Each structure stands twice: as structure tokens, then as C-alpha cells.
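Student: I'm new to this structure and would love a close look at one part of it. Could you pick a good place to start and take me through its surroundings step by step?

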Amino acid sequence: MSNIVLARIDDRLIHGQVMTAWVQYTGGNEIVIADDKVANDPFLSAVITGAVPKHLKAEAMTLEKVADYLKKDKKFIVLAKGPEAYESLIEKGVDITEINLGGMGSKQERSKLYKNISASDSERELFKKIMAQNVHVYIQVVPNMEKVELEKAL
């Protein structure tokens, strides 16, 4: 059984919805941000992890470090900005069975995927590659909203 209670893609990483709804829903007790850029920027890392309630531990880590760290016996909420991080973690042997797609905003190379979620062609291909490895990918902003299967939006 995986010790990851939520693997979520959200380019905002930590914000109100994640902190309240998902933490309560999943029972997660530690948040790991899987992002090389954030992990290598002490100021950015401090700002983002500072938004976490005091009873939770949160840390930004490089993808290299995350893979080993997730072997600990805790209930992890893993946050990343896009599918690239999860593809890397899966390649490193991390047991990820499902990914929640919460938010990917529009950028120049992205087009609308579903409602306010956008993805580039390369991100769409990565999602297909991840799903081909029996990883369930779904869109769900908050726990009380309906799940939408990503394959329907692709």
C-alpha cells in the first residue's frame, strides 16, 4: 500500500483549498512539494511552506530527494506543478496509483483542457504516458466536487 494519500497537480501548490479540504479529507500529516525550482530557492520555499498550518510539516524537495523521502512511514500529500514531476517519480519507482489534477493555469503554450485547466501538447502526451502505466488521473478541485476522468478531457 502506498503511503501517498494524495498526489496532486496544482500550479499554485499550497493554497486555501488544499490546506483545508484535502488535508481533512485525506488525513495527510505531511506535505511534500516535488519541485526542483522551489526546492532550490530558499525564499520561495519558505513563502510556500509558510502557508501550511502549524500542525503539519511541509517541505519542498528536489525530485531526486522526494523519491527516497516518500519511503518513510507517513501519510504524504505530494504536490507538483505539472505531470513532469510525477513521470519522474514513477520512473524512480515511487508507487503512485492515482493523480488528482486540481489546477494548471493558462500559459502561452497551453490550451484549454477542461474548464479552467489548461495543458500543452507535451503535457497531454505525458498524461497519456502516465495513464498507460495504470495510474488513475482525474480532475477534482475539492473533495466534495465530482471527479472527472482525465481521459475524457484529453
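Tutor: Let's start at one residue pair: Ile99 stands opposite Val137, which belongs to strand β8. Please keep in mind that this is a predicted model. The pair is part of a longer match, in which β5 (residues 98–103) and β8 (residues 136–139) run parallel and are joined over four bridges. So where does β5 sit, and what lies around it? Strand β5 is mostly covered, with five of its six residues buried.

Now look at the other neighbour of β5. Strand β1, residues 4–10, is joined to β5 by three bridges, again in the parallel sense. Here you can find Ile9 opposite Leu101 of β5. Strands of a sheet pair through backbone hydrogen bonds, and they can do this in parallel or antiparallel fashion.

From β1 we can step one strand further. Five bridges connect β1 with strand β4 (residues 76–80), and these two strands are parallel as well. Within that pairing, Leu6 has Ile77 of β4 as its bridge partner.

With those steps in hand, the whole sheet is easier to read. It is an open sheet of seven strands with mixed pairing, in the order β3-β2-β4-β1-β5-β8-β9. At its edges are β3 (57–61) and β9 (148–149), each of which pairs on one side only.

Which residue outside the strands meets both Leu6 and Ile77? One to look at is Thr26, which is in contact with Val5, Leu6 and Ile77, leaving aside neighbours within four places in sequence. Thr26 belongs to helix α1, residues 16–26. Its relative accessibility is 16%, so Thr26 counts as buried, the cut-off being under 20%. A polar atom of the Thr26 side chain also lies 3.1 Å from the backbone nitrogen of Gly28.

Let's move to the β3 side of the sheet. Helix α3 (residues 42–49) lies across β2 (30–34) and β3, and its direction makes an angle of about 150° with that of β3. Which residues of α3 are buried? They are Ser45, Ile48 and Thr49. These residues cover an arc of only 90° around the axis, which is why they sit on the same side of α3. Among the elements covering them are β2, α2 (36–39) and β3. At the start of α3, a side-chain oxygen of Asp41 comes within 3.1 Å of the backbone nitrogen of Phe43. Charged residues also link up in a salt-bridge network made of Glu30, Lys57, Glu59, Lys65 and Lys74.

Another helix to visit is α6 (residues 121–131), whose buried residues are Glu123, Arg124, Leu126, Phe127, Ile130 and Met131. Viewed down the axis of α6, these fall within an arc of 160°, so they line one face of the helix. The exposed residues Asp121 and Ser122 are carried on the face turned away from that buried side.

Two salt bridges reach out from α6. In one of them, the side chains of Glu123 and Arg110 meet at 2.8 Å, N to O. Glu123 is in α6 and Arg110 is in the loop between β5 and β6 (111–114), so this pair ties together parts that are 13 residues apart in sequence. Are these two partners buried or exposed? Glu123 has a relative accessible area of 6% and is therefore buried; Arg110, at 10%, is buried too.

The other salt bridge joins the side chains of Glu87 and Lys129 at 2.5 Å, N to O. This pair links distant parts of the chain, as Glu87 lies in helix α5 (residues 83–91) and Lys129 in α6, 42 residues apart. Glu87 counts as buried because its relative accessibility is 15%, while Lys129 is partly exposed, with a relative accessible area of 38%.

For a contrast, look at Asp68 and Lys71, which form a salt bridge whose closest N and O atoms are 3.1 Å apart. Both Asp68 and Lys71 are exposed. In total, the structure holds 13 salt bridges.

If you trace the path back, you return to β5, with β1 paired to it through three bridges and β8 through four.

Conventions: Residues are numbered from 1 along each chain as its sequence is written. This is a predicted model: local features need pLDDT of at least 70, side-chain atom pairs count only at pLDDT 80 or more; totals for chains, interfaces and linings use all residues. Side-chain values use heavy atoms; hydrogens and water are left out. Buried means under 20% relative accessible area, exposed over 50%, partly exposed in between (1.4 Å probe, protein chains only). Two strands pair if DSSP finds at least two bridges between them. Contact means heavy atoms within 4.5 Å. Axes are lines fitted to C-alpha atoms, for helices over the stretch in contact, and angles run from 0 to 180 degrees between N-to-C directions. The arc is that of the directions from the helix axis to the C-beta atoms. A polar contact is a pair of N or O atoms within 3.5 Å; within protein, one must be able to donate a hydrogen and the other to accept it, and residues adjacent in sequence count only if both atoms are side-chain atoms. A salt bridge is a side-chain nitrogen of Lys or Arg within 4 Å of a carboxyl oxygen of Asp or Glu.
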